[in-house]
Amino acid sequence: MELYVVLKVIWAVLLGVLLTGLAVMVGMDMGVGTLLRFVGKTDKERRVALNIIGPHWDGNQVWFILGGGAIFAAFPTLYATSFSVFYVVMILLLFSMIMRPVAFEYRSKAGNSWRATWDWAFLISGAVPMIVYGAAFGNVMEGVGFHYSWTGQYFQDESFLGYLLNPFALICGVMSLSLSIAQGGTMLMLRGEEPIFGRARSAAIGGALVAAVLFAIGGVWVAHMNGFAFTAPVDPNMPASPLTGQTVAVQAGAWMHNYQSYPILWALPALGFVGMLGNLLMNAARKPAVAWWAGALAWVGVIFTVGASMFPFLMPSTTNPNQSLTVWNSIGSQYSLGWMLLFALVFTPAIIAYTSWCFYVMRGKVKVESITDDSHSY
Amino acid sequence: MSLIDPSVVELSRLQFALTALYHFIFVPLTLGMTFLIASMETVYVITGKEIYKEMTHFWAKLFGINFAIGVATGLTMEFEFGTNWSMYSHFVGDVFGTPLAIEGLMAFFMESTFIGLMFFGWDRLSRPAHLAVTWLTALGSNLSALWILIANGFMQNPQGASFDPDTMRMQFTSFLNLVFSQDAQAKFVHTSIAGFVTGALFVMGISSFYILTNRHKALAARSFRMAALFGVISSMAVVTLGDALGRLDYLVQPTKIAAIEGLWQDSNAHSSAAAAPWLVFALPDDAKQTNYAEIGVPYVLTPLITHSENTAVPGLISLEQQAGPRILNGIKALNALQQYGQDHDAAALATFKQYENDMGYGFLAQKNAPNQDLTQITPANQDAIVAQTEKDTIPNVFVTFWSFRIMMFLGFYFVILFAFASYYSLRNELEKHPLLLKAALWSIPLPVMACEFGWITAEAGRQPWSVYGWLPTFQSASSHPVGYMVFSLIGFALLYSAFIAAELYLMFKFARLGPQHHAEPSVGGTATMFGKPQLADKSWQ
Amino acid sequence: MGKLFKIVGLALTLALGVFLAVVAGDYGPWYFAWLVGTTMIVLIAAAGAVMFDTQETNSNGKV
């Protein structure tokens, strides 16, 4: 295989890894934000819940920022088109996301009504981004209306209502929210004590259950809905331009082709279910540490299930299927993919090492006294 | 084919400018204060004196209030390229996105992970370990700035990439050229050190407030000393780097430097290039292409810009005329490129290659062509289109001229302020100079202003380009309906106003309150500029 | 013998430092200036604080 094709495939996998890292780390914090008003009935309880992820939310959020940056660099045309086509929801996502850092830092620095306001901000900034995140996957699987002019400028062919009010996308959105609630609840159990522990436990169990049901419904839906497939062989080594080089058809059930060709891929949805059930059972058995890893595996299973059924499509176009974005035609140049791979190989182990160290240093249960004693706590 | 709507481009520019300038209210303070706090903690670890730990805690608290909004509004920036500048992202994402991705991997992860430990790890880490964490946070925030400014340096002076007709975008060709571009280097140092000045003046100003009101004096006098020394060197360095950037603009962005200096005619239009005046004051008129009420200092302009005695600096009018042939070439280049895109014709490719370096000027002409279509340019309408496009090749002179001057005058003011502050602090005579202390206090917002005007100079001066010489801003924007832009602009305005109100409320509250563990009663009846300290207010605990 | 090793080690570190400085000065003069300058700024600010403490001790001693 050509080096460029190898790099393209590596970066397609890394895209999945990034989206998974984002879902696991940010999703957990979002879950805590969504659950804040539920697990904490008093102000002190809410502060305990916030300080459980207090030292980590900022580092975790970088997965989100890195996701944006890496898609920008590795899949410039995908970044350029998807963020613009989904403008209205992207801006909503952004509005909800930017409340969160401010809410963490400001919430506990003034009086009661001030705090109550920020607690609502936590709910919005936890739930909305996770729904948008899942709904984006749903919309992409259904295909999006766009085409390009000869210069490479995209043009939108579909009203934003089409992807906002879309039952399949909503199922995906709620599923992603449920999974984040499961992970957030697990984290609260890990470092929280009663009564937070108990409330988080029931929320997490409910979240995992809903996620598993919606994952099953979504799977059946995908098997029957319109997918996209090449009608002529495509050169994976093609220059990365969506303007020429592909002929694509819309076919019902096309998203199952990869599973039919490579039955081993069924391991991915299986992993998703095992992860969700594992998370559920381990939380029921009050073992949140094991449950956390099961929840992370659930995300791996879910995201790679989507990736495996769509590969090599990334964002198909319903109005001009030949200009659908794929791994082959929306990716960066060989030179930049190579350099970024080098940086990723050097820095990812370092990131994992110091993030783990940070969690290790801050290990243990968070207590009310330790918060009121520390002038820096949230 | 749908057309690019000029009002959408203008609204996208407005949104990007507002969100970027807003983001940059908080960034410089982060860049500077992290290093200043790290210095304080270093003194604590070396000397073991508790007062320095208290200083570290107190300034870190104010820093945290600021940092939160910096992070939040930074998210907007990462998204806005994709949401509002789709064509730009597609056209240069391969090279421009790379430093942004590396920024995440190398710098932002480091800064954000360690800042958690910096705030929460005091009781869980040994002193040297905590000090290391603080230093890594400081380093991380500045490395972050490094990669962002490498990306911006590419927009100012595109190095390390070339256009590829097969993918219709600029592709990355040299990592070293991108990273070691002169523009990126000078920009990074100038911006980072401008942050040092901002952080130093913030600490010095609030310390002055405590000295004036006779509170927290042990903390205030020490903080003042450190900040004054930190600031005096930084402010001198910032001016030096500003000069280096000006010279770079002269070499690679002639229209920007001419606009900065309000130079309509070539500098040798005077008796000689050497005699050309540097304008202290003028009212540039963009429509008439001339200045009113000029006050200049002769014999300064040429050595200042060219670092030589008698080299002529081209004026805006002749720069416009020089663009004419490039526009014609650019039209040929783009028409050939469109042809090549359709049939991969070798002759079309050869034509394109011949005029490739002027293709950006073809994009500029597209805006003025009938139906924004270059193929509809005929010998009959060609001259009018080229003449109109020539006018588009220079930036707005009034804005560039004055934003540069405000930044520069402020820069020199900081050097003087810090010099006096250092002198009197070293002699321990601060209390004899309340005027200096008041000046320091009231100057807290000025470095932020200088930073903002610096960015306006850099970005407004680069117009009409988003990537100098290659891609005009007009072509870079996403093709949104106006309604989308109204929706997002209103949302940003509401959210960002709420944020700044909350930030100022907390900042004033905690600055008035002072360090918590060392609360001294305030001297009754002292006139304070922030109102009365509220020591009874413990609601944050 | 141990001293000799220390001296050789120091000399090698110094040589490496000079080498890096020359390379950095060639390719990234301003980056290099930032490294040196920031270190200097921090050291001078820290020295100023230590000096403040000394001044305070001295003036207290006189009183």
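Helix H2 of chain A, residues 43–53, is mostly covered in this predicted model. Eight of the 11 residues of H2(A) are buried. The buried stretch holds A:Arg46 and A:Arg47, followed by A:Val48, A:Ala49, A:Leu50, A:Asn51, A:Ile52 and A:Ile53.

**Nonpolar core**

The largest nonpolar core has 315 residues. A:Ala74, A:Leu188 and B:Leu36 touch the most other members of this core. Helix H3 of chain B, residues 86–120, gives the most to the core, with 21 residues. Leaving aside residues up to four places away in sequence, A:Ala74 touches A:Trp11 and A:Leu15, and also A:Ile331, A:Gly332, A:Leu337 and A:Met340. As a general point, nonpolar side chains in soluble globular proteins tend to be buried together.

**Contacts between chains**

Two pairs of chains touch, and the pair with the most contacts is A and B. Chain A brings 68 residues to this contact and chain B brings 72 residues. On chain A, the elements that each supply at least two residues are helix H3 (57–74), helix H4 (76–85), helix H5 (87–106), strand E2 (154–156) and helix H13 (334–361). H5(A) makes the largest share of the side of chain A that touches chain B, with 13 residues.

Chain B also meets chain C: 22 residues of chain B are in contact with 20 residues of chain C. Three helices of chain B give two or more residues to its side of this contact, namely H1 (6–47), H6 (182–212) and H7 (217–252). H7(B) provides the largest share there, nine residues. Chains A and C do not touch, and their nearest C-alpha atoms are 19 Å apart.

The table gives the residue classes for one side of each contact.

| Side | Nonpolar | Polar | Charged |
|---|---|---|---|
| Chain A, touching chain B | 41 residues | 24 residues | three residues |
| Chain B, touching chain C | 12 residues | seven residues | three residues |

For the complex, the predictor gives an ipTM of 0.89 and a pTM of 0.89.

**A hairpin in chain B**

Strand E1 of chain B (residues 161–164) and strand E2 of chain B (residues 169–172) pair in the antiparallel sense over four bridges. Within this pairing, B:Phe163 stands opposite B:Met170 in E2(B). The two strands, E1(B) and E2(B), form a hairpin with four residues between them. In the turn, B:Met168 has a positive phi of about 60 degrees.

**Chain C**

The secondary structure of chain C consists of two helices and zero strands. Chain C is more spread out than a compact globule, because its radius of gyration is 19 Å, well over the 11 Å that the globule rule gives for 63 residues. The C-alpha trace of chain C spans about 55 × 40 × 10 Å along its principal axes. Of the 63 residues in chain C, 19% count as buried.

The average pLDDT of chain C is 82, and 94% of the residues score at least 70. Where pLDDT is low, the predicted coordinates should not be read in detail.

Methods
Residues numbered from 1 in each chain as written. Chains lettered and ligands numbered in written order. Predicted model: local features only at pLDDT ≥ 70, side-chain atom pairs only at ≥ 80, totals over all residues. Rg over C-alpha atoms; globule rule 2.2 N^0.38 Å. Buried ≥ 20, exposed ≤ 12 C-beta atoms within 10 Å, placed from the backbone. pLDDT = per-residue confidence, 0-100. Contact = placed C-beta atoms within 7 Å. Nonpolar A, V, L, I, M, F, W, Y, C, P; charged D, E, K, R; others polar. Pairing = 2+ DSSP bridges. Core = buried A, V, L, I, M, F, W, Y, C linked by C-beta atoms within 7 Å.
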